[in-house]
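Here is a short conversation between a learner and a teacher about how to read a structure. Please look at the sequence and the model while you follow the turns.

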Amino acid sequence: WKRTTAFVTSFRPSISGHCCLQPAYGEMCYHDNSLVSASLEALIQHLVPTVDYYPDRSYVFTFLLSSRLFLHPYELMTRVCHLCVEQQRSGDALLDKIRFREVAPKLVQLLTEWTETFPYDFRDDRMMRCLKDMTLHVARGDEYSWRAMQQMTQRLIKRLSALGQYEEAVAALNAAAQERPASLKTKQASAQRADILSVCDDPFVFAQQLTHIELVRGVVFMVSFSSSVPLFQGFFRKRKTSNLEAYVNWFNRLSYLVATEICMPTKKKHRARIIEFFIDVAQECFNIGNFNSLMAIITGMNMSPVARLKKTWNKVNTDKFEILEHQMDPSSNFSNYRTALRGATQRSETAHSSQEKIVIPFFSLLIKDIYFLNEGCANRLPNGHINFEKLWELAKHVSEFLVWRQVICPFDRDRRILQYLVTTAVYTEDELHLASYESEGPENNMEKDSRRSLRLIGFSN
């Protein structure tokens with residue numbers, strides 16, 4: 001982490017007792033060889049490569065991710081490029097050209113990391129203009145780096161195009177879901193609808209298709225999530241992005257689909273078979289590392305219209321389901337799930353196959369963790385320094401989420417199952433309750449009143 005050039009440094013104790021490095025651009029404070037705080041100017045300077053220095057990749061990721069808390073990506077890129085050029089100036093044109101030729105490959109490397117990790121930043125026309133200007137500047141000093149810049153720009157354009165296609169795919173899925181029938185109303189009305197077992201009776205294949213959907217939606221959301229200014233600011237205060245809403249809506253849809261499939265059949269034996277099917281699907285999701293679909297299924301099976309079907313549940317061996325519930329138990333801040341997630345992450349890091357690399361975290365808990373980390377820690381310390389310890393933690397959470405965006409889903413796509421998952425009609429909450437009462441009658445006066453009210457407001461023909 002120590003910079004060998006460009007800084008004039010001196011050591012002194014910080015106000016917290018840590019050892020501080022005080023460069024010309026402001027203080028940089030370290031503890032146990034880890035950067036804990038610094039001025040914004042010092043952090044920007046620390047990002048700028050020199051002839052004999054290149055920033056650590058973990059620092060590059062952390063600062064590029066979190067710098068948007070303090071300035072726009074365009075402002076950061078402008079300042080970094082300006083500093084990289086200016087610090088090579090000596091007043092001698094020939095010497096300047098030689099020095100820039102030496103630093104140009106490192107500048108290209110930094111911009112390559114930026115474009116590959118946060119491509120959405122470059123949807124800003126100003127960012128692309130700055131990239132073009134730097135390409136022209138590099139061209140005057142080093143032909144090799146100029147060609148590398150051109151190749152980098154071509155990859156970026158292809159990446160942005162691919163991400164646009166992903167977004168269009170998600171939008172198409174959402175539009176298809178919105179075009180479905182508004183409701184099913186009654187068991188008679190839903191009799192014409194296929195049920196899940198007629199579409200797929202193999203839990204492993206079904207879990208594979210759920211994983212396809214999670215990965216497609218995740219790729220779009222993760223990149224925009226980690227590249228948008230609302231990441232830490234208004235993001236959590238009712239300024240949800242369309243990608244975030246799409247991801248939340250998918251979780252809710254899957255939960256309601258599970259509940260609908262269970263409540264819809266008229267025969268108890270059929271309902272029990274569907275419960276057993278979803279328990280097996282949930283187990284396969286756990287085995288794959290698809291924790292988001294796993295939690296959505298458990299949520300659907302624990303909805304009150306499903307949970308009250310005691311006669312149906314009595315026909316089901318619930319041992320496996322209870323184990324899965326225990327794994328996703330919210331007590332002790334989801335400690336069991338966090339242990340399982342660490343295990344899946346370790347498996348992914350040493351994987352020999354694409355399937356073993358899959359890790360799809362429980363999305364809502366990840367957002368909650370980032371929210372509380374952001375709200376619970378100040379961005380700046382009393383001395384005006386940026387709290388870089390907080391930025392390390394934020395980057396750790398986001399990088400764990402980003403790691404599986406690189407995974408190409410190894411499973412074959414089944415168009416019929418995918419179509420069913422995203423377009424088939426599901427019950428609303430009131431419709432679920434009424435269907436549940438029609439399956440197994442009310443057990444007390446409260447349930448009788450509830451059924452009567454639902455019938456009166458038009459949830460039966």
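## Reading a predicted model

In this predicted model, the side chain of Glu261 makes a polar contact with the side chain of Tyr420, at 2.5 Å.

Q: Where does Glu261 lie, and is Glu261 buried or exposed?
A: Glu261 belongs to helix H10, which covers residues 242-263. A residue counts as buried when its relative accessible area is under 20%, and Glu261 is therefore buried, since its value is 0%.

Q: What else does Glu261 touch, leaving aside residues up to four places away in sequence?
A: Besides Tyr420, the residues touched by Glu261 include Arg193, Asp195, Ile196, Ile274 and Phe278. With Ile196 there is a polar link to the backbone, as the side chain of Glu261 reaches the backbone nitrogen of that residue at 3.0 Å.

Q: Which residues of helix H20 are buried?
A: In H20, residues 415-423, the buried residues are Ile417, Leu418, Tyr420, Leu421, Val422 and Thr423, and Tyr420 is the partner of Glu261 that opened our conversation. The N-terminal end of H20 is capped by Asp414, which has a side-chain oxygen 3.1 Å from the backbone nitrogen of Arg416.

Q: How should I read the packing of two helices?
A: Two packed helices are described by the angle between their axes and by the distance between those axes. For helix H3 (residues 73-86) and helix H4 (residues 93-117), the axes come within 10 Å and cross at roughly 165°. That angle makes H3 roughly antiparallel to H4, because angles over 145 degrees are counted in that way. The crossing in which H3 passes H4 is right-handed.

Q: Which residues make the contact of H3 with H4?
A: From H3 come Pro73, Leu76, Met77, Val80, Cys84 and Val85, and they meet Phe100, Val103, Leu107, Leu110, Leu111 and Trp114 in H4. When the residues of this contact are sorted by character, twelve are nonpolar, while no polar and no charged residues take part.

Q: What angle do H1 and H2 make when they pack?
A: H1 and H2 pack at an angle of about 135°, with their axes 10 Å apart, and that makes H1 oblique to H2. Their crossing is left-handed. The contact is formed by Leu40, Leu43, Ile44, His46 and Leu47 of H1, together with Tyr59, Val60, Phe63 and Leu64 of H2, and its residues divide into eight nonpolar, one polar and no charged.

Q: Why is H2 described as largely enclosed by the rest of the structure?
A: The description rests on a count of buried residues: eight of the ten residues of H2 (residues 57-66) are buried, so this helix is largely enclosed by the rest of the structure. Among them are Tyr59, Phe61, Phe63 and Leu65. The buried residues of H2 pack against strand S4 (34-38), helix H1 (40-47), H3, H4 and helix H19 (388-402).

Q: How far apart are Met134 and Leu107 in sequence and in space?
A: They are 27 residues apart in sequence and 9.5 Å apart in space, C-alpha to C-alpha. Met134 lies in helix H5, residues 125-139, and is buried, with a relative accessible area of 7%. Not counting residues up to four places away in sequence, Met134 touches Cys81, Val85, Leu107 and Met149.

Q: What share of the whole protein chain is buried?
A: Buried residues make up 53% of the 461 residues in the protein chain, which has 22 helices and five strands. Among contacts between residues at least 6 apart in sequence, 73% join residues at least 24 apart.

Technical notes: Residues are numbered from 1 along each chain as its sequence is written. This is a predicted model: local features need pLDDT of at least 70, side-chain atom pairs count only at pLDDT 80 or more; totals for chains, interfaces and linings use all residues. Side-chain values use heavy atoms; hydrogens and water are left out. Axes are lines fitted to C-alpha atoms, for helices over the stretch in contact, and angles run from 0 to 180 degrees between N-to-C directions. Helices (H or I, at least four residues) and strands (E, at least two) are DSSP runs, numbered from the N terminus. Angles under 35 degrees count as roughly parallel, over 145 as roughly antiparallel, 65 to 115 as roughly perpendicular and the rest as oblique. A crossing is left-handed if the near helix is turned anticlockwise from the far one by less than a right angle, and right-handed if clockwise. Contact means heavy atoms within 4.5 Å. Ala, Val, Leu, Ile, Met, Phe, Trp, Tyr, Cys and Pro count as nonpolar, Asp, Glu, Lys and Arg as charged, and the others, Gly among them, as polar. Buried means under 20% relative accessible area, exposed over 50%, partly exposed in between (1.4 Å probe, protein chains only). A polar contact is a pair of N or O atoms within 3.5 Å; within protein, one must be able to donate a hydrogen and the other to accept it, and residues adjacent in sequence count only if both atoms are side-chain atoms.
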